[in-house]
Number of protein chains: 2
Amino acid sequence: MVLIMGKSRVAMVGAGMTPFGRLDGKDLLDLLCEASMKAMESANAFDKSFDAIYVGNMAGGELCDMTGVASVLSDRLNMIPAGADRIENGPASGGSALRAGFAAIKGGLANLVLVVGGEKMTHVSGSRVTSTVASLTHETAEKIYGVTLPSFAGMLTRLYLEQYKYKMADITLAAVKNHRNGVNNPYAHFQKEITLEKALTAPIIADPLRLYDCCPVSDGAAAIVLTAESIAKEFSPEPVYITGSGQATDLQILSERENPLFIGAVAQSAKKAFDMAQISPKDINVAELHDAFSILEILQSESVGFFAPGEGPKALARGDTEIDGICPVNPSGGLKARGHPWGATGIAQAVEIFWQLRGEASKRQVPNEPKYGLSVNFGAFGNNVLTHIYERGG
Amino acid sequence: MVLIMGKSRVAMVGAGMTPFGRLDGKDLLDLLCEASMKAMESANAFDKSFDAIYVGNMAGGELCDMTGVASVLSDRLNMIPAGADRIENGPASGGSALRAGFAAIKGGLANLVLVVGGEKMTHVSGSRVTSTVASLTHETAEKIYGVTLPSFAGMLTRLYLEQYKYKMADITLAAVKNHRNGVNNPYAHFQKEITLEKALTAPIIADPLRLYDCCPVSDGAAAIVLTAESIAKEFSPEPVYITGSGQATDLQILSERENPLFIGAVAQSAKKAFDMAQISPKDINVAELHDAFSILEILQSESVGFFAPGEGPKALARGDTEIDGICPVNPSGGLKARGHPWGATGIAQAVEIFWQLRGEASKRQVPNEPKYGLSVNFGAFGNNVLTHIYERGG
């Protein structure tokens, strides 16, 4: 096959995902296959010859005894001899896999790529999940003191409340909104509303964060079919283009960061993505942010450039980030309601934007034909972040 | 920074590695840092702003409790805000990381990239190493029967001996050659010669393979600095270009492959790489093959196109693959003598080719100013293979 070198745009031409939740009886490979088949079906790509597969997965070796899962997937999906790699970047493994697929097409190494992310988590104990995530913290400056990611989020929440004079209700409103959005997402782990009152009196997880401020432990997978622009219309009359991809790292030790409430890696990855896409935050019509904890949606909505520092909760209270607001955030329900199978999340965000920009999100559809989308996938505790920008094709 | 889009060539401008072996007192991160610093020093790149880091690592989570190691490395090397991902492709993780760096530059996502691969293995039991590798086999068709990778290699050896009428000595000669080459490699795990007699009477590992037919368990890391061609000379007057990169998968279950002695993924990845580089196997002046077992050097030397099927042992016996032969293979000592820290190997192969093409390999230097190099990195048991082709710049 002749490969197309150069600056071709990268098109998303198909997308699919498994339901997220506790999926007993399906292992990691089953989940990856199911999501991949749905994306291939959506792209009418079953009889096409894929050049490459990128698998976003954080801990298949640690939790599932599955090292080398990408090679196996190529065989299982009948995609041999496509190259296949697993990309691991903690909870941003999905975003990094999407960027790997983007780079392969941009670089002329592939014309047709499957990007799939997934995680199987519910078969192990909660403490094992927590300790696996805690391995992302700094060994001697953080981990030995018993710090976990929820406790980091709790500390940031406390700092934010004090610095900007908010109450917890102002933050938890993000979780209430996302639960409400999740009701209309048939793939969401939680499809039920919660009241603010219930959330504010739920058990404490990491003070001041309570149960409903935290995302659940979920199984699931999501997949995207990417092509070079020149062949996109062979697969879909309505491709969605990835026009910006930015990635940035930051200091690992949270206490070393100059201002932990302004997440540098979000800001820098977003700047790179916006520069590449040649648009600005005000142009975005729909966004998926990485709300593993309610405070993170607020912080990211500021660091990415939607709202000024300290203004996130006001925008939330005004309804700006509602599905019918001026800047809809997490119409899918976000990590909060859709769930957060680590390696799947970055891809699931792209899947939601794909559906939203094509007007296929049914009851949770953002109105007025959104043209530009954005996703932020947050690795480790904000020290390795991916921002992607998407544009509806025509 | 302005990124260069398009079909720039990709230059290697610096390389470095740790010694391979049992490196007590150094953890995975220490090894990755040490190799990276050496590569940066070799490229005069300490004060330069890197765009991306790709870490080849197979089992840092499984064996070292280090998930998300790429993010940490960016911080430790003072490379923030460079993007950083870990690439996992079993024992070919290093080759896949090299390809990821290649794609990032080709695709205009980066101008200056660090690619580093490493593994820490000797701190756990041999049985844990073996069971981690065995997770690459097929769960129900292979693994439950107790099959390990050494036993696969033993079966292929037996088949080869019967099909082409060779004796074990004809195969083991590859290990003897590689041990001899390793004597002159100060980074090699084993720097001593072995005699054919000793090798043929050593303890059996997986009949008919004996101790010296098998690579050791080693710690180590290796790193390369890559740049876009347009800025290569800022870093080095003598860049080495990566002119071909090919990756291919094959059926996971060994018994399903039509001819297990002709390794399809090697042949297909090599064809892709040769097509991209627009040269052919006879042009190669120095090669690093993935001799995890002595039979694999023979099989790969055939499947990649150096010799016809069944002719590998004759070429070996004639001295064709010696350092001063017409097709030098594994002047570094290969996996056999240099050692095989999984994630490091694919990068260490590129490091050796870098040194060879620049005439910097001292006593193991391939004569007559080699111009073209090749490396084959073998993932799982030949079902996910990377071939890279290199060309000396001027």
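Let's start with helix H4 of chain A, residues 93-106: at 1.5 Å a residue its 14 residues should span 20 Å, and the end C-alpha atoms are indeed 20 Å apart. The expected span here is 1.5 Å times one less than the number of residues in the helix. Helices and strands are DSSP runs numbered from the N terminus, with H or I over at least four residues for a helix and E over at least two for a strand. As for surroundings, 14 of the 14 residues of H4(A) are buried. By buried I mean that 20 or more other C-beta atoms lie within 10 Å of the residue's own; exposed is 12 or fewer, partly exposed is in between, and the C-beta atoms are placed from the backbone. Just after H4(A) comes A:Gly108, with a positive phi of about 75 degrees.

Quick housekeeping. This is a predicted model, so local features need pLDDT of at least 70 and side-chain atom pairs count only at pLDDT 80 or more, while totals for chains, interfaces and linings use all residues. Residues are numbered from 1 along each chain as its sequence is written, and chains are lettered from A and ligands numbered from 1 in the order in which they are written.

Okay, chain A as a whole. You're looking at 14 helices and 11 strands. The radius of gyration is 19 Å, close to the 21 Å from the globule rule for 394 residues, so chain A is as compact as a globular protein of that length. That radius is taken over C-alpha atoms, and the rule is 2.2 Å times the number of residues to the power 0.38. The C-alpha trace spans about 60 × 45 × 40 Å along its principal axes, and buried residues make up 65% of the chain. Of the contacts in chain A between residues at least 6 apart in sequence, 78% join residues at least 24 apart; a contact means C-beta atoms, placed from the backbone, within 7 Å.

Now the strands. Which strands does S2(A) pair with in the parallel sense? One is S3(A), over five bridges, and another is S4(A), residues 112-119, also over five bridges. Pairing, by the way, takes at least two DSSP bridges between the strands. To pick out partners, A:Tyr54 bridges to A:Asp85 in S3(A), and A:Ile53 bridges to A:Leu114 in S4(A). Five of the five residues of S2(A), residues 52-56, are buried, so the strand is largely enclosed by the rest of the structure. In a regular strand the side chains alternate between the two faces of the sheet. For S2(A), both faces are covered, with A:Ala52, A:Tyr54 and A:Gly56 buried on one side and A:Ile53 and A:Val55 buried on the other.

S1(A), residues 10-17, has eight of its eight residues buried, so it too is largely enclosed by the rest of the structure. Its pairings are antiparallel: seven bridges to S7(A), residues 220-228, and three to S8(A), residues 240-249. A:Ala11 is a handy landmark, since it stands opposite A:Thr227 in S7(A) and has A:Tyr241 as its bridge partner in S8(A).

Some backbone oddities. The A:Asp207 to A:Pro208 peptide bond is cis, omega near 10 degrees, and A:Pro208 sits in the loop between strands S5 (204-206) and S6 (209-210) of chain A. In chain B, B:Asp207 and B:Pro208 are joined by a cis bond as well, with omega about 5 degrees. Then there's A:Asp65, not a glycine but with a positive phi of about 55 degrees; it lies in the loop between H2 (60-64) and H3 (69-76) of chain A and is partly exposed, with 16 other C-beta atoms within 10 Å. A:Gln278 also has a positive phi, near 60 degrees, and is exposed, with 10 other C-beta atoms within 10 Å.

Last bit: how the chains meet. Chain B can be laid on chain A with an RMSD of 0.0 Å by a turn of 180 degrees and a shift of 0.0 Å along the axis. That's the relation of a two-fold axis; the superposition is least squares on C-alpha atoms of residues with pLDDT of at least 70 in both copies. How many residues does each chain bring to the contact? It's 50 from chain B and 50 from chain A. On the chain B side, S3(B) gives the most, with six residues. And 100% of the interface residues of chain B are also interface residues in chain A, so the copies meet through the same surface. Right in there, S3(A), residues 83-88, runs antiparallel to S3(B), joined by three bridges, and A:Glu88 stands opposite B:Arg86.

Terms used:
Two residues are in contact if their C-beta atoms, placed from the backbone, lie within 7 Å.
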